[in-house]
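Student: Could you take a close look at one spot in this protein for me, then set it in the wider picture?

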Amino acid sequence: MSTPETSEKLHLHVDPTERAWIRAAIAVLVVFAVAVSVAGFMLGIQVPTDEQRVNPQTIQDAPPWSEPGVREIVPGEQYDVYIVAKRFFYEPGTVEVPAGAEVTFYVTATDVQHGFKIQDTNVNFMVIPGEVSKLTTTFKDPGTYDYICTEYCGLGHAVMFGSVEVTP
Ligand code: CUA
């Protein structure tokens, strides 16, 4: 790339192909920076924080985790659902919420890493002991929506599931 003539010039000669790759690399960094900013500040996508950290050994000694399940915040409109994942089941195994309501799921694990995916919805996250995973969704249509474990957690992984009963 560098010849005796070019090295004498004040400006370093950059091969056009190399320059194109440098520009592409800078463009990719800019795209990533914009994507991270949009996800974090506009879409509210977050990684688990200290605020949502809990002790997996003692979490079920006190509310709300001592009695996981559905909490009615605004009847027919807003619900919180607390679910504990354990090898190899969810507590509770069935929850009931009305269609059209804003439902926020809080899920944590007491033993190992699990997954939590509600079929036919955007709810799909990892469940890690010591952390609370949270996601809000709305079920438009009544019916049964199974939630399944999506992280291999042991021999019973394949039978680890529960269901959301969405009432009209
Ligand atoms: Cu729990 Cu796989």
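Student: Which backbone oxygen does the side chain of Ser133 reach, and at what distance?

Tutor: It's the backbone oxygen of Met126, at 2.7 Å from the Ser133 side chain. That makes a polar contact (N or O atoms within 3.5 Å; within protein, one able to donate a hydrogen and the other to accept it, with residues adjacent in sequence counting only if both atoms are side-chain atoms). Keep in mind that this is a predicted model, with local features needing pLDDT of at least 70 and side-chain atom pairs pLDDT 80 or more, while totals for chains, interfaces and linings use all residues. Numbering runs from 1 along each chain as its sequence is written, and side-chain values use heavy atoms, with hydrogens and water left out.

Now the surroundings. Ser133 sits in strand β8, residues 133-138; strands here are DSSP E runs of at least two residues, helices are H or I runs of at least four, and both are numbered from the N terminus. Ser133 counts as buried because its relative accessible area is 13%, and the cut-offs are under 20% for buried, over 50% for exposed and partly exposed in between (1.4 Å probe, protein chains only). Leaving aside neighbours within four places in sequence, Ser133 is in contact (heavy atoms within 4.5 Å) with Phe105, Tyr106, Val107, Phe125, Met126 and Val127. So Met126 turns up twice: in that contact list and as the backbone partner of the Ser133 side chain.

Stepping back, the protein has 2 helices and 10 strands, and along the sequence the pattern goes α-α-β-β-β-β-β-β-β-β-β-β. Of its 168 residues, 32% are buried. Among contacts between residues at least 6 apart in sequence, 58% join residues at least 24 apart. The exposed area is about 10,700 Å², with carbon and sulfur atoms supplying 58% of it; areas come from the Shrake-Rupley method with a 1.4 Å probe, and for residues only the protein chains shown count as cover.

Over to helix α2. The helix has 27 residues and reaches 38 Å from first C-alpha to last, close to the expected 39 Å, which is 1.5 Å times one less than the number of residues. At its start, a side-chain oxygen of Asp15 comes within 3.0 Å of the backbone nitrogen of Thr17. Val30, also in α2, is partly exposed because its relative accessible area is 47%.

Past α2, the loop leading to β1 holds Pro64, joined to Pro63 by a cis peptide bond with omega about 0 degrees. Then comes β1 (residues 69-74), where you'll find Val74. Val74 counts as partly exposed, at 30% relative accessibility. Its C-alpha is 9.4 Å from that of Glu102, 28 residues away in sequence.

There's another cis bond, between Arg87 and Phe88, with omega about -5 degrees; Phe88 lies in the loop between β2 (78-86) and β3 (89-91). One more backbone spot to check is Asp120, in the loop between β6 (114-118) and β7 (124-127). Its phi is near 65 degrees, a positive value in a residue other than glycine. Most peptide bonds are trans, and most residues other than glycine have a negative phi. Asp120 counts as exposed because its relative accessible area is 76%, whereas Ser133, back where we began, is buried at 13%.
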